[in-house]
Structures are given as C-alpha cells and as structure tokens.
Amino acid sequence: PAPTGPPAAGPAAAPATAAGGEIRLDPAAVDAMADRATRLRILSLGAAAFPARLTELARLAEQAVHEDHPGQVLAVLATSIRRQALEIEAGQRRLRRLAESHLETILSLQVQPLSGFFHTLARHARELARALGREVEVVTRGDETRLDRRIARELEEALLHTVRNAVDHGIEPPEARVAAGKPRDGKVRIEAAAMGARVRIVVADDGAGIDPSQIVAVAVARGVIDADDARSLSRDEALRLLFTPDFSTRDEVSEVSGRGVGLDAVAAVAGRVGGSVSIASQPGQGTTV
C-alpha cells in the first residue's frame, strides 16, 4: 500500500528497528551525512559573500554614471557581474546536488525490511491460537521487502486486526477441520512483495471462509442494501459489503475480533497511507486480505 522510497546506495541505508522503536544507523551512513552537512555549510558561508560583492559593484556603477566617459568602467563592471553570475550559478548547482543526495540518504534511512514487523504479527497469531485452542502454523514470506517505517507504524493496528480475524474467525477448531477433511493444523500466511513503487501485503488463512450469500442476506435484513440491488451483486461486490462501517454477519462479536467488524477501519488506514484493501474468500477454503 505504499511507496518504498528511493533505493539505498551501498551500505548507507540498512537501518534495523531496535527495542523501543529506535533505529540503528550504519556508521557509513552517519559519516556520509556529516560530510555532506559540512560541505553544505561551507557552500552557505561562501554564498554569504555574494551580496557584499554585488553591493560594491552597484556602488561602482553609480560612480561611473557621473564620469565624463563611463563606458570603459561600465564594461569592466558588466564583465564582473557576469563572472559573479557564473559563480552563483555553479554554487547553486553544487548546493542542489548536495541537498538532493542528503535527502535521498535520509529518506532511505526511513525504509526498513518488514522482517521485525512480520515477526510481531506471527508471534501474535501463535499466541492467540494457543489462547483459543486452535492449532495454527504461521508462515511469513517476503520479510526482506522494504517499507517506510512510518507507513508500517500506521498499518500496525490494522494488520494486527486482520491477523486476529484470520485466527479467531478464519481458522476452525482442530476437530471441525478434521471433520471437514482438512489438516488438523490451520495455516495463516503473512506475505509482502514489492510491486514497482508500491508494496503488497497479504494476510491469508485456509479456514472456513466467508459465504457471500450470507453477507448479502444480513445486509438486506439490516437495510444496508436494497433486496433488488442485492440480487445483481457479484461475489466480489458482496464481499465488499464487509467494509461497510460496523457491518458484521455475527449477532455476537467476540472480545478478540469479529469477522467484518473493523474492516472499514482497516480500509480507512490503508487509504490514509495511499493504499487500498481487497478481500477474497471461498467457503470452506479460506480468506485472503
């Protein structure tokens, strides 16, 4: 749901998230930033002399106006002004290059692998499964995918909610899975992949899935959608009803999560960071968000 930022150059941008939200910076990145900051300061000090030089040239021009034959003096002044203009232009180019390089390094330090984030999600899924008496295998893929840590922080609660839904209302109890001819252990996949300048994050389970016809029936009963309109809904359109605020197919919602409850908030968070949410499900086979 988000751009990955400019590519990091060499070892300069490989920050790792430490406890407490701190970031460990590569010493090479810090040295490079300090060097560029020093050069930027030198350029700034050098540029401070230009106003004084131009003021002096203006004073000489004013004096030349009062001379009987000012042409020669004015020609010298014109040459001096052109030289000053060339120096200012060159300084501006150097300043712009340094500023852009400095900004790229800073932005690249904001981008981090999702490995730590995924580890937290996986641990939460396993702990919740144990608490609910479920047997769940959690698989993570694409941990090395990089995402702006500010966006990852924004998405944290939304993804935790999605993982809770997968375990709590997606994965069936072991006995129910065996009775349905499925492996006793359920599976939750948490994946990420870079797609151009964006990142796709997937939370999927092989649990009970969601019946679109049940969603439509509840939506009609609660006045979310007209019965005539409901008959023309596709499967995907029916599933999109789950993103309606406060919509749920359950009369009672557990303290842990509720399938449908909060998906509107998940979509809102994704939209706030420039992304979107989609959901796919097959009854008896699982759900993918």
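This passage describes the open sheet of a predicted model, the helices that pack on it, and a further pair of helices.

The sheet is a good place to begin. Five strands build it, and they are arranged in the order β4-β6-β7-β9-β8. The sheet is open and its pairing is mixed. Strands β4 and β8 (280-282) lie at the edges with a single partner strand each, so one side of each has no neighbour in the sheet. From one strand to the next, the twist averages 10°.

Two helices pack on this sheet. Helix α4 touches β4, β6 and β7, and its direction makes about 170° with that of β4. Helix α5 touches β6 and β7, with a direction at about 25° to that of β7.

The pairing can be followed strand by strand, starting from the β4 edge. Strand β4 (residues 136-141) pairs with β6 in the parallel sense, and 6 bridges link the two. Within this pairing, R141 stands opposite E191 of β6. On its other side, β6 (residues 186-195) runs antiparallel to β7, to which it is joined by 8 bridges. Here A193 faces R200 of β7, while M195 has R198 of β7 as its bridge partner. Strands β6 and β7 form a hairpin with 2 residues between them, and in this hairpin G196 adopts a positive phi near 70°. Strand β7 then pairs with β9 (residues 286-288), again in the antiparallel sense, through 2 bridges. In this pairing A204 is found opposite T288 of β9.

How many of the 8 residues of strand β7 are buried? For this strand, which spans residues 198-205, the count is 6, so that β7 is mostly covered. Strand β7 also takes part in the helix packing, since both α4 and α5 touch it.

The two helices on the sheet also meet each other. Helix α4 (residues 115-132) packs against helix α5 (residues 149-170) at an angle of about 30°, and their axes are 10 Å apart. Angles under 35 degrees count as roughly parallel, and α4 and α5 are therefore roughly parallel to each other. Their crossing is right-handed. On the α4 side, the contact is made by F117, L121, H124, A125, L128, A129 and L132. On the α5 side, the contributing residues are A152, L155, E156, L159, L160, V163, R164, V167 and D168. Sorted by class, the residues of this contact comprise 12 nonpolar, 1 polar and 3 charged.

A further helix pair involves α1 and α3. Helix α1 (residues 27-47) and helix α3 (residues 71-110) pack with their axes 10 Å apart and at an angle of about 155°. This angle makes α1 roughly antiparallel to α3, and the crossing of the two is left-handed. From α1, the residues A29, M33, R36, A37, R39, L40 and L43 take part in the contact. They meet R94, L95, L98, A99, S101, H102, T105, I106 and L109 of α3. The classes in the contact of α1 with α3 are 10 nonpolar, 3 polar and 3 charged residues.

Methods:
Residues are numbered from 1 along each chain as its sequence is written. This is a predicted model: local features need pLDDT of at least 70, side-chain atom pairs count only at pLDDT 80 or more; totals for chains, interfaces and linings use all residues. Side-chain values use heavy atoms; hydrogens and water are left out. Axes are lines fitted to C-alpha atoms, for helices over the stretch in contact, and angles run from 0 to 180 degrees between N-to-C directions. Helices (H or I, at least four residues) and strands (E, at least two) are DSSP runs, numbered from the N terminus. Angles under 35 degrees count as roughly parallel, over 145 as roughly antiparallel, 65 to 115 as roughly perpendicular and the rest as oblique. A crossing is left-handed if the near helix is turned anticlockwise from the far one by less than a right angle, and right-handed if clockwise. Contact means heavy atoms within 4.5 Å. Ala, Val, Leu, Ile, Met, Phe, Trp, Tyr, Cys and Pro count as nonpolar, Asp, Glu, Lys and Arg as charged, and the others, Gly among them, as polar. Buried means under 20% relative accessible area, exposed over 50%, partly exposed in between (1.4 Å probe, protein chains only). Two strands pair if DSSP finds at least two bridges between them.
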